[in-house]
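Visitor: I have a structure open in front of me and would like to learn how to read it. Could you walk me through a few features?

Guide: Gladly; let's bring it up.

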Amino acid sequence: MKKIYLLKHTDPSYAATTDFIQGDPFNTLPARRCPACGGPVSMRPWAPPFRAELATWGKRFGDMAFGPGGDILISERFKDLWLKSGLIGLEGFEPVEIVKVVRRGKRFKDAPPAYFRVVAQPSQAAFDSVASGEQWLEPSSPRCEVCREGGNSKGWERIVLEEEPRENICTVRGFGEVLVDEHFKRFIEENGLLNCPLVPAEEAAHWF
Ligand SMILES: [Zn+2]
């Protein structure tokens with residue numbers, strides 16, 4: 001199995017940590033639904049117009065910026081390299097109008113790069129709740145075998161998947177966070193892309 005990493009929202013070094021919030025008007029589309037049980041299996045995706053307010057915490061703009069919901073902003077450099085890379089698992093690539101920049105770290109002068117909105121594609125691969133050491137607040141009610149949604153999770157010791165995702169970046173059934181693989185890691189390292197912090201899946205414990 002290829003090595004899997006959790007894509008974190010905050011770079012521990014804060015060198016190029018960049019966040020965003022959607023600007024007004026903030027429109028959304030309906031959440032994706034599970035084909036088996038009909039329940040929602042995603043947050044409501046952002047719909048045009050794509051306007052965002054950025055906040056930086058270091059002294060440079062990130063090549064990724066994270067916000068509420070599942071949307072991610074990528075820099076134009078990230079986009080151009082990605083589209084040539086042969087890697088798969090991102091969709092969208094719509095231009096985003098930056099309406100405000102708040103520099104919370106260093107007051108550096110550079111203008112932000114052009115940013116594009118992407119989302120990680122849903123994979124057919126599934127989160128292995130038992131092997132991941134997931135614990136539940138109360139005995140979980142029977143969950144849909146297709147989407148694995150529902151139940152009240154207390155957290156997990158690590159991230160283990162039932163099968164290898166085909167995508168290089170994706171979400172998997174039964175797990176809301178974005179995961180990437182070793183090819184994605186090499187892509188960001190070889191290109192020196194900033195603010196794409198990764199945690200090895202076996203170390204990605206999380207308790208709510
Ligand atoms: Zn379902």
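Guide: One thing to keep in mind is that this is a predicted model. Shall we begin with the cysteines?

Visitor: Yes, please. How many disulfides does the structure hold?

Guide: A disulfide needs two cysteine sulfur atoms within 2.5 Å. Here there are 0 disulfides. Take cysteine 170: its closest cysteine sulfur belongs to cysteine 196 and is 16 Å away, so the two are too far apart for a bond.

Visitor: Is cysteine 170 buried or exposed?

Guide: Cysteine 170 is buried, at a relative accessible area of 2%. Cysteine 37, with 44%, is partly exposed.

Visitor: Now the interior. Which residues have the most contacts inside the largest nonpolar core?

Guide: The general idea is that nonpolar side chains tend to be buried together in soluble globular proteins. In this model the largest such core has 23 residues, and Met64, Phe78, Trp82 and Ile169 have the most contacts inside it. Elements that give two or more residues to this core include β1 (4-7), α1 (76-85), β8 (90-103) and α2 (182-190). A second, separate core has 14 residues, among them Ile4, Ala125, Phe175 and Val199.

Visitor: What is isoleucine 169 in contact with, beyond its neighbours within four places in sequence?

Guide: Its partners include Leu7, Met64, Trp82, Val178 and Phe184.

Visitor: And arginine 117: buried or exposed?

Guide: Buried means under 20% relative accessible area, so arginine 117, at 7%, counts as buried. Arginine 117 lies in strand β9. Leaving out residues up to four places away in sequence, arginine 117 touches Trp46, Phe50, Asp71, Glu91 and Glu94, among others.

Methods
Residues are numbered from 1 along each chain as its sequence is written. This is a predicted model: local features need pLDDT of at least 70, side-chain atom pairs count only at pLDDT 80 or more; totals for chains, interfaces and linings use all residues. Side-chain values use heavy atoms; hydrogens and water are left out. Buried means under 20% relative accessible area, exposed over 50%, partly exposed in between (1.4 Å probe, protein chains only). A nonpolar core is a set of buried Ala, Val, Leu, Ile, Met, Phe, Trp, Tyr and Cys residues joined through side-chain atoms within 4.5 Å. Helices (H or I, at least four residues) and strands (E, at least two) are DSSP runs, numbered from the N terminus. Contact means heavy atoms within 4.5 Å.
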